[in-house]
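Reader: Could you walk me through how to read a few features of this model?
Author: Sure, let's look at it together.

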Amino acid sequence: MRTREDGTVEIGVGLISVGWMGRLHSRAYANLRYAYPDLGLRLRLVHAADPAPARADEAVEVLGYERASADYRDVLRDPEVDVVSICAPNFLHAEIGIAAARAGKHFWIEKPVGRGEHETRAVAEAAAEAGVVSSIGFNYRHAPAIEYLRELVLEGRLGRITNVRGQMFADYSADPRGALSWRFVREHAGTGVLGDLMGHLVDLVQYAIGPIAEVSAVTSTVYTERPELPMGTGTHFAVIENGDMKAVENEDYAGMLVRIAAGAPGAHAVGALEASRVSVGPRASYGIEVYGTHGSAHWDFERMNELHLSGGLGAENQGYTRVMARPGMGDFARFQPGAGTSMGYDDLKVIEAKKFVQAVLGREALNANIQDALSAAQVVGAAERSAETRTWQPSAPVDGTTAAGA
Ligand SMILES: NC(=O)c1ccc[n+]([C@@H]2O[C@H](COP(=O)([O-])OP(=O)(O)OC[C@H]3O[C@@H](n4cnc5c(N)ncnc54)[C@H](O)[C@@H]3O)[C@@H](O)[C@H]2O)c1
């Protein structure tokens, strides 16, 4: 990192893995200066790595990195790289996260951090030992409507929180010919939809109302085999005709009852959370509903710029008001000047990049951190154990998270 003649701070960026998330992180860094010109930052895309040659080429030719390698270690060895985005499949997160920490690189890593809580904890320990900042790809929490919902809860405007409902219903694998990407292979992904989507929902609930203390879960696998997709080609939305069928090794659906921890803004609230990657109908219906004694709020990513609010309307006018995201809610004003003009998914990643870089510079730490990832991984681990044993399972408290009330 260096201060340039014009007073702006230049930060050298490294990227590991040039898939969906690698491209998105790169666009987020590039757009940071337009959304946040006042921060005085210049992000320089220095070095990307992907073992798939076409992806490494794309990093230079399309995304604008100065150089690219097949081996991620070359990125970590590069002295011009100050911060690294780790966008690899889950099985590489622990290895690469620990190596990044040991190389003294601050890192922004995709969720879930590794294949389960043991790997997440190992990355957390390595980051703490090295004193590097780590930020997690829990993008949905940055939606302005979610930031506003969290404020309503923290200010007590929904009253005492009684219960929460949430769903992460995706259809990326609803077609039985949907590709068997690394996400379906236990050695590569760990859990299925629990780690892939339920972790996001756990983070949303914890960010909005407080940590989950206990869960009771069920899981099921709807399609037990799928046509194989080679690593580094296509996307997990691909549909393959007459492909080689391989076994699906993790769950397509997960549902769980939860109890919120004592001492949180949503203390003792109970709830029901579901996740599916084979929904027919909902396409990316990622939502949360928070109910309190004075009001309630509903949000769904498919309508990211809306929040449905109830309460304070008087006994004769109960029901929901559709409130549009607007300047004053989260970072909305950085992207659009007025309500009704929508923000998009990419914008959430720009906000995430901003929170990461601000934390790296020691300015403010509003980012989802590695302790948040550990907390989500513990809840997912508890859900896995619960589904196996058909019992309620506790999830231990984690210090240092950004959960509501922490
Ligand atoms: N935050 C979100 O909303 C969100 C959305 C999608 C994916 N993710 C997460 O992002 C991560 C990546 O997912 P994706 O959808 O971008 O995957 P992807 O399959 O699109 O891309 C993965 C890339 O990793 C590369 N790769 C394979 N082996 C590698 C190695 N040894 N070193 C470096 N790169 C290697 C592949 O060639 C490929 O280009 C996963 O952890 C996933 O859970 C998060």
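**Reading one strand residue and the ligand site**

Author: Leu-45 sits in strand E3, residues 41-49; strands are DSSP runs of at least two residues (E), helices of at least four (H or I), numbered from the N terminus. This is a predicted model, where local features need pLDDT of at least 70, side-chain atom pairs count only at pLDDT 80 or more, and totals for chains, interfaces and linings use all residues. Residues are numbered from 1 along each chain as its sequence is written, and side-chain values use heavy atoms, leaving out hydrogens and water.

Reader: Is Leu-45 buried or exposed?
Author: Buried means under 20% relative accessible area, exposed over 50%, partly exposed in between (1.4 Å probe, protein chains only). Leu-45 has 11%, so it counts as buried.

Reader: What does Leu-45 touch, not counting residues up to four places away in sequence?
Author: Contact means heavy atoms within 4.5 Å. The partners of Leu-45 include Val-13, Tyr-29 and Leu-63.

Reader: Which side chains have an N or O atom at 2.8 Å or 3.0 Å from an oxygen atom of the ligand?
Author: A polar contact with the ligand is a pair of N or O atoms within 3.5 Å. The side chain of Arg-55 has such an atom 2.8 Å from a ligand oxygen, and that of Trp-182 has one 3.0 Å from a ligand oxygen.

Reader: How much of the ligand does the protein bury?
Author: By the Shrake-Rupley method with a 1.4 Å probe, the ligand alone exposes 860 Å², and the protein buries 91% of that.

Key:
Polar contact = N/O pair within 3.5 Å; in protein donor to acceptor, adjacent residues only side chain to side chain.
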